[in-house]
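Hi everyone, thanks for making time. I'd like to walk you through one protein chain today, so have a look at the screen.

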Amino acid sequence: MILFRKFRVLILMVFLVACTMHIMIDLLPKLEKRAAGPDTGNGGCQCAHIPSEDAGSWGKQRARSAAEQGWPNKHPLRILQDFSNEPNSNLTSHSLEKNTVAGDRVESFKRMKQFAGAADNQKTLIGAASGGKTVSAPVVSRLSELFEHPLYKTVLPTITDEDALFNVNTDIRFYPKGAGNPEWHNEANVEEEEEYTPTGEVTAETYPNWLRFHIGINRYELYSRHNLVLDALLKDLVTQRITSVAMKSGGTQLKLILTFQNYGQALFKPMKQTREQETPPDFFYFSDFERHNAEIAAFHLDRILDFRRVPPVAGRLVNMTREIRDVTKDKKLWRTFFISPANNICFYGECSYYCSTEHALCGKPDQIEGSLAAFLPDLALAKRKTWRNPWRRSYHKRKKAEWEVDPDYCDEVKQTPPYDRGSRLLDIMDMTIFDFLMGNMDRHHYETFEKFGNNTFIIHLDNGRGFGKHSHDELSILVPLSQCCRVRKSTYLRLQLLAKEEYQLSRLMEESLMRDRLHPVLIQPHLEAMDRRLRLVLQVLAVCVEKEGFSNVVDVDDNHRAGGGRDTATHRNPGHR
């Protein structure tokens with residue numbers, strides 16, 4: 001009996017020694033890092049976020065809680081493939097781009113300085129008044145100069161209640177919880193939340209930026225040229241804490257709906273291809289991946305063209321573990337997360353075509369780029385009407401659309417509502433030019449706000465299939481322009497301005513895109529392709545003017561902004577070409 005007790009004590013001692021050794025082994029590396037902290041320059045701080053450690057710890061946590069969390073105990077063989085070298089993985093993005101990003105930034109700044117002009121370069125160093133010190137002269141912003149040009153200073157008609165999407169005082173009622181402003185919380189702590197109608201006591205400046213953006217939408221524009229809310233909203237898109245994630249239904253590729261701390265929402269398109277990857281010439285336009293950087297660049301191009309029909313878009317680097325997996329309540333999305341053999345976090349979600357292990361989205365190890373497009377007002381508050389693009393493609397591998405085989409197709413369109421009156425046909429021509437500059441062949445539908453009827457601008461949504469090719473210009477996109485030979489005068493004059501050396505489109509785009517967190521958004525060949533395509537647009541219009549005459553091609557729109565008003569102009573003979 002005594003021997004048995006001694007044996008139990010011996011076993012207990014061995015167990016304690018083993019536990020002590022394990023603890024020492026775990027603590028030793030941390031103690032070494034702390035001791036080496038001052039020498040290595042990090043001050044011994046161990047609170048910094050290390051993505052690779054998160055990925056590893058998440059793998060251990062997943063293994064421990066597999067049964068209770070519902071993760072599959074076994075993965076199919078294909079899930080364990082290494083997706084780090086797939087075209088849709090951003091591992092190649094980091095390996096290709098991080099090595100060149102510094103060089104790209106340097107080149108960008110060099111080009112910006114050259115673009116400032118010879119006169120500005122002569123004044124690079126200015127003697128300080130206090131002595132021999134020299135200071136650098138500020139680089140001239142051509143983008144700011146562009147927006148100060150008379151062509152960008154046209155005045156809108158007076159906005160009436162009928163022209164505003166929302167009548168702030170009567171049409172919308174706000175709820176404290178939905179507003180995200182701590183000043184609006186019910187002080188009485190009543191269970192039922194009070195309705196708030198904005199009055200003089202609660203000014204629009206206290207609303208969250210996404211709400212101020214919605215309130216500013218009117219018949220003529222999504223946002224005004226110099227709206228300070230726009231920059232604040234773009235900042236929110238990249239800084240606001242993500243509180244909820246869900247998959248967007250429909251579509252051929254995975255898109256996520258992100259909800260922020262201030263109750264704003266954005267559509268997240270994750271990175272699938274690197275900026276250098278050009279779409280192969282044999283790809284059908286409907287088979288290509290959507291590009292997150294195309295969504296960002298499209299917003300900036302739309303703003304430079306002064307259309308202002310693309311909702312605000314910004315690039316953001318998202319932590320897939322903390323900002324997607326840990327906050328989503330969508331079990332279908334959550335179950336598609338896995339760790340690749342390269343120790344990268346991956347997921348693929350659910351969608352019509354490109355949501356499978358072969359098209360998984362992988363971070364490095366858990367960081368992924370993406371575009372965030374601000375949501376338009378909820379359909380329950382502001383209904384939108386979807387229109388089929390008259391020059392929609394057949395989306396068939398062998399058949400062609402009617403407009404591709406009928407040279408007089410535009411005459412038929414001009415006799416069909418809503419293109420037989422008002423400015424809708426001119427809006428289609430604007431959209432055609434916009435798509436051609438991007439190389440976007442996937443414009444099958446467009447939308448308008450139902451409140452404004454047919455007399456309003458069209459919204460340029462879903463631009464992810466632009467900027468896929470820079471070595472080829474898809475001239476079929478320009479067919480509507482060459483068939484109809486119609487263009488809005490303000491658009492025509494701005495295109496001519498952007499073709500000039502002092503307002504070169506590619507350099508303005510480069511300057512504008514430098515403000516985005518994911519700069520460089522476009523590689524140089526894509527920027528240069530826009531200049532080439534702009535010249536082609538002007539050549540098509542020049543042929544039209546020579547054939548039809550200037551007054552029959554260029555529509556005067558001096559009294560109403562692009563996008564039309566109630567009495568917009570130019571009701572020509574429907575048969576006129």
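Let me start with a question: how many cavities of 30 Å³ or more does the count come to? The count is 4. Keep in mind that this is a predicted model, so we're talking about computed values throughout.

Now, how do you find empty space like that? Rolling a probe the size of a water molecule over the atoms shows where it is left.

Let's go into the largest cavity. About 170 Å³ of space lies in there. Its lining has 16 residues, and the ones nearest the centre are Asn389, Trp391, Asp435, Arg443 and Ile477. If you sort the lining by type, you get 8 nonpolar residues, 4 polar and 4 charged. And which helix gives the most to that lining? That's H15, residues 424-438, with 4 residues.

Okay, stepping back to the chain as a whole. You've got 20 helices and 14 strands. There are 577 residues, and 48% of them are buried. The exposed surface is about 29,300 Å², with carbon and sulfur atoms supplying 54% of it. On contacts: take those with a separation of 6 or more, and 74% of them are between residues 24 or more positions apart.

One last stop, helix H18, residues 505-513. Is it mostly covered or mostly open? Mostly covered: 8 of its 9 residues are buried. Those buried residues include some nonpolar names, such as Leu505, Leu508, Met509 and Leu513. But Glu510 and Glu511 are buried as well, and so are Ser506 and Ser512.

That's my tour, thanks for listening.

Terms used: Residues are numbered from 1 along each chain as its sequence is written. This is a predicted model: local features need pLDDT of at least 70, side-chain atom pairs count only at pLDDT 80 or more; totals for chains, interfaces and linings use all residues. Side-chain values use heavy atoms; hydrogens and water are left out. Helices (H or I, at least four residues) and strands (E, at least two) are DSSP runs, numbered from the N terminus. Buried means under 20% relative accessible area, exposed over 50%, partly exposed in between (1.4 Å probe, protein chains only). Contact means heavy atoms within 4.5 Å. Accessible areas come from the Shrake-Rupley method with a 1.4 Å probe; for residues, only the protein chains shown count as cover. On a 1 Å grid over the protein atoms alone, a cavity is a set of points where a 1.4 Å probe fits but cannot get out, and a pocket is an open set with protein on both sides within 12 Å along at least five of seven lines; lining residues have an atom within 4 Å of a point. Grid points are joined across faces, edges and corners, and a volume is the space filled by probe spheres set on the points.
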